[in-house]
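Reader: I am new to reading protein models, and I would like to go through this one step by step. Could you show it to me before we begin?

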Amino acid sequence: MSEQPIPDMVSTPLGILPTARSAPDGGPPELTFEVFMQARFSQLELSSVTTVLETANDVQAHVLFNKTICSDSPGLVENGDFLVRAEPAIEGSPLKDCLIIIGGAECDSQGWSKRVRAMQRHNRPVIMFSDAATEFVKNSPNGANPATTHWRDIPILNEIGDFSDLSTRLAEYGNNILTCAGRGHALDVMFSLIADLLTPYERAEMASHLIIDGVRGFHREQPRGRAQGNAFLEGPLQRA
């Protein structure tokens with residue numbers, strides 16, 4: 001029997017990561033990721049980021065995906081009884097190849113906005129999930145587009161300003177910044193982010209390890225469900 005082709009998990013890889021750099025110790029080329037988090041972070045988004053990068057390292061050895069978890073409140077960062085150790089985010093420290101900002105109930109752009117601008121100046125990608133995307137849009141109304149965020153926050157943003165041109169797709173990319181609905185889509189984003197550095201066989205192996213049979217593209221509309229979220233707006237509106 002002839003060998004069956006491996007179906008590709010990602011129809012259109014992002015292609016926004018820089019080329020992996022040679023490791024100083026003679027190991028495989030590496031890409032570095034700064035994963036920024038704050039108190040009451042999204043456990044789902046953080047675990048999606050770390051799981052995809054760790055699984056990619058497990059299924060291949062020609063490139064190393066190296067992550068550093070950091071925060072403007074370093075040490076043990078908590079969300080309820082869930083604790084994560086984070087290194088300090090030091091202004092002026094060397095930039096990583098990619099900056100990923102995790103959403104959360106206390107996401108505050110003052111802790112990472114300078115870092116984002118530095119990444120843009122050096123033409124390096126920034127990934128913003130859910131509440132981080134909302135903070136970015138809220139604080140840069142004239143320069144955020146194309147942009148999106150979690151559908152729950154779009155009517156909240158329109159309560160405090162005119163954000164009528166905000167996308168309702170799962171993700172948008174522009175000006176070296178990828179804004180994303182986050183939550184359950186975080187895994188899809190991370191898979192697509194590193195996809196062009198892996199072969200179709202390696203992507204299929206990753207999917208097997210993660211028990212997924214497909215990766216949602218960015219141009220799909222966000223699923224809002226039957227409730228349309230109206231019952232969940234009171235708390236977020238008070239925080240806005």
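Author: A crossing of two helices is called right-handed if the near helix is turned clockwise from the far one by less than a right angle, and left-handed if anticlockwise. Please keep in mind that this is a predicted model.

Reader: In which hand does α1 pass α5?

Author: Two packed helices are described by the angle between their axes and the distance between the axes. Helix α1 (residues 43-59) and helix α5 (residues 186-195) pack at an angle of about 35°, and their axes are 8 Å apart. The crossing in which α1 passes α5 is right-handed.

Reader: How many nonpolar residues does the contact of α1 with α5 have?

Author: On the side of α1 the contact is made by E45, S48, V49, V52, L53 and A56, and on the side of α5 by A186, L187, M190, F191 and I194. Sorted by class, one residue in this contact is charged, one is polar, and the nonpolar residues number nine.

Reader: Is L99 buried or exposed?

Author: L99 has its place in strand β5 (residues 98-101), and among the residues that it touches are R115, V116 and M119. A residue under 20% relative accessible area counts as buried. Because the relative accessibility of L99 is 2%, L99 counts as buried.

Reader: Where do the buried residues of α2 lie, seen down its axis?

Author: In helix α2 (residues 113-121) the buried residues are R115, V116, A118 and M119. Seen down the axis of α2, these residues fall within an arc of 160°, so they line one face of the helix.

Note on methods. Residues are numbered from 1 along each chain as its sequence is written. This is a predicted model: local features need pLDDT of at least 70, side-chain atom pairs count only at pLDDT 80 or more; totals for chains, interfaces and linings use all residues. Side-chain values use heavy atoms; hydrogens and water are left out. Axes are lines fitted to C-alpha atoms, for helices over the stretch in contact, and angles run from 0 to 180 degrees between N-to-C directions. Helices (H or I, at least four residues) and strands (E, at least two) are DSSP runs, numbered from the N terminus. Contact means heavy atoms within 4.5 Å. Ala, Val, Leu, Ile, Met, Phe, Trp, Tyr, Cys and Pro count as nonpolar, Asp, Glu, Lys and Arg as charged, and the others, Gly among them, as polar. Buried means under 20% relative accessible area, exposed over 50%, partly exposed in between (1.4 Å probe, protein chains only). The arc is that of the directions from the helix axis to the C-beta atoms. Lists of a residue's contacts leave out its neighbours within four places in sequence.
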